Amino acid sequence: MKILETERLILRRFSSEDWKDLYEYLSNVKAVKYEPYDVFTMDESKQEAVNRANLEEFWAVCLKENKKVIGNLYFKQQQPDEFLTWELGYVFNPLYGRKGYATESCRRIIDYAFKELKTRRITAMCNPKNAPSWMLLERLGMGKEGHLRENMYFKFDEQGNPIWADTYIYSVLSKEWFSNE
Ligand SMILES: CC(C)(COP(=O)(O)OP(=O)(O)OC[C@H]1O[C@@H](n2cnc3c(N)ncnc32)[C@H](O)[C@@H]1OP(=O)(O)O)[C@@H](O)C(=O)NCCC(=O)NCCS
C-alpha cells in the first residue's frame, strides 16, 4: 500500500502496534456515535488493529510530529469495478478534532484517487444529525445528491427497537475535482 503525505500528516496502512491509539478513539462514545459499532474494549482494539493491518480500505492517519495515529480513513472501491467508484469514510479521535486534520487527510486521498487510481466518482454517506461529518464533506467540495429517509439503522433504543436514521449521500466526480484545481 502506498504511503501518502501532507503538510502535517502521514497516511499509511495500519499495523498491529497501532492498537493503543486505535483504542484511545474507538473507546470514545463521541467517535462511534454514528458508526455501525459500539465502543471498543482494549482487547477488541488489539484485534481490530490486526484486522485493519490486513485490509487495504483502512488508512491510519498519523501526525508527522510524533507518529501518533489520530484517526482513520476508509476508502473502498465499490462494485462493479468498471464503474470506478470509491466510498470514503472517516473516524477521528475527538481529542484531535477541529484542527483541520480530517479535511487535510481526505483531500489528500481524494487527490490520490483521482490522479493515480483513475477513480471517476467518490461517494460518502452520513447521518444528517452528524453535522461535523456533512460539514467536512461540503468543505471538501462534495455535492449533496440525496437524502434517504429512515433507510437504515445501526443502533437500538433501550427497548431494543431499531433507531431508524436518515442518510445524506454526497459525491464528487473527477472532472469537478480537476476543474477546481
Ligand atoms: C466527522 C469528523 C471527522 C469531522 O472532524 P472535524 O474536526 O470537524 O474536521 P477537521 O479535522 O477537518 O477540522 C475542521 C475544523 O477545524 C478548523 N481548523 C482549525 N485549524 C485548521 C487548519 N489548519 N486547516 C483546516 N481547518 C482548520 C476548521 O475551521 C473547522 O472548524 P469548524 O468545525 O469550526 O468549521 C469528526 O467529527 C469525527 O471523527 N466524528 C466521529 C466519527 C464520525 O462520525 N464519522 C463519520 C461517520 S459518517
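Start at the surface of this predicted model. Y153, F156 and W164 make up a nonpolar patch there. Together they offer about 330 Å² of accessible area. F156 belongs to strand β7, which covers residues 143-156. Its relative accessibility is 48%, so F156 counts as partly exposed; the exposed class begins over 50%.

Now turn to the pockets. Rolling a probe the size of a water molecule over the atoms shows where empty space is left. The largest pocket has a volume of about 1,600 Å³. Its lining takes in 46 residues. Nearest the centre of this pocket lie Y34, E35, Y90, N130 and S133.

Many elements contribute to that lining. Helices α2 (29-32), α4 (101-117) and α5 (131-139) are among those that each supply at least two residues. So are strands β4 (69-77), β5 (85-92), β6 (121-126), β7 and β8 (162-173). β5 gives the most, with six residues. By type, the lining of the largest pocket splits into 25 nonpolar, ten polar and eleven charged residues.

The second largest pocket has a volume of about 250 Å³. Its lining consists of M1, K2, E56, E57, W59, F75, K76, Q77, W86, Y112 and L117. Two elements, β4 and α4, give two or more residues each to this lining. The largest share is three residues, and it comes from β4. Six residues of this lining are nonpolar, one is polar and four are charged.

Strand β4 and helix α4 thus appear in both settings: each supplies at least two residues to the lining of the largest pocket, and each gives two or more to the lining of the second largest.

Terms used: Residues are numbered from 1 along each chain as its sequence is written. This is a predicted model: local features need pLDDT of at least 70, side-chain atom pairs count only at pLDDT 80 or more; totals for chains, interfaces and linings use all residues. Side-chain values use heavy atoms; hydrogens and water are left out. Patches are made of residues with over 30% relative accessible area and no salt bridge: like charges are joined within 9 Å, nonpolar side chains (Val, Leu, Ile, Met, Phe, Trp, Tyr) within 5 Å. Accessible areas come from the Shrake-Rupley method with a 1.4 Å probe; for residues, only the protein chains shown count as cover. A salt bridge is a side-chain nitrogen of Lys or Arg within 4 Å of a carboxyl oxygen of Asp or Glu. Helices (H or I, at least four residues) and strands (E, at least two) are DSSP runs, numbered from the N terminus. Buried means under 20% relative accessible area, exposed over 50%, partly exposed in between (1.4 Å probe, protein chains only). On a 1 Å grid over the protein atoms alone, a cavity is a set of points where a 1.4 Å probe fits but cannot get out, and a pocket is an open set with protein on both sides within 12 Å along at least five of seven lines; lining residues have an atom within 4 Å of a point. Grid points are joined across faces, edges and corners, and a volume is the space filled by probe spheres set on the points. Ala, Val, Leu, Ile, Met, Phe, Trp, Tyr, Cys and Pro count as nonpolar, Asp, Glu, Lys and Arg as charged, and the others, Gly among them, as polar.
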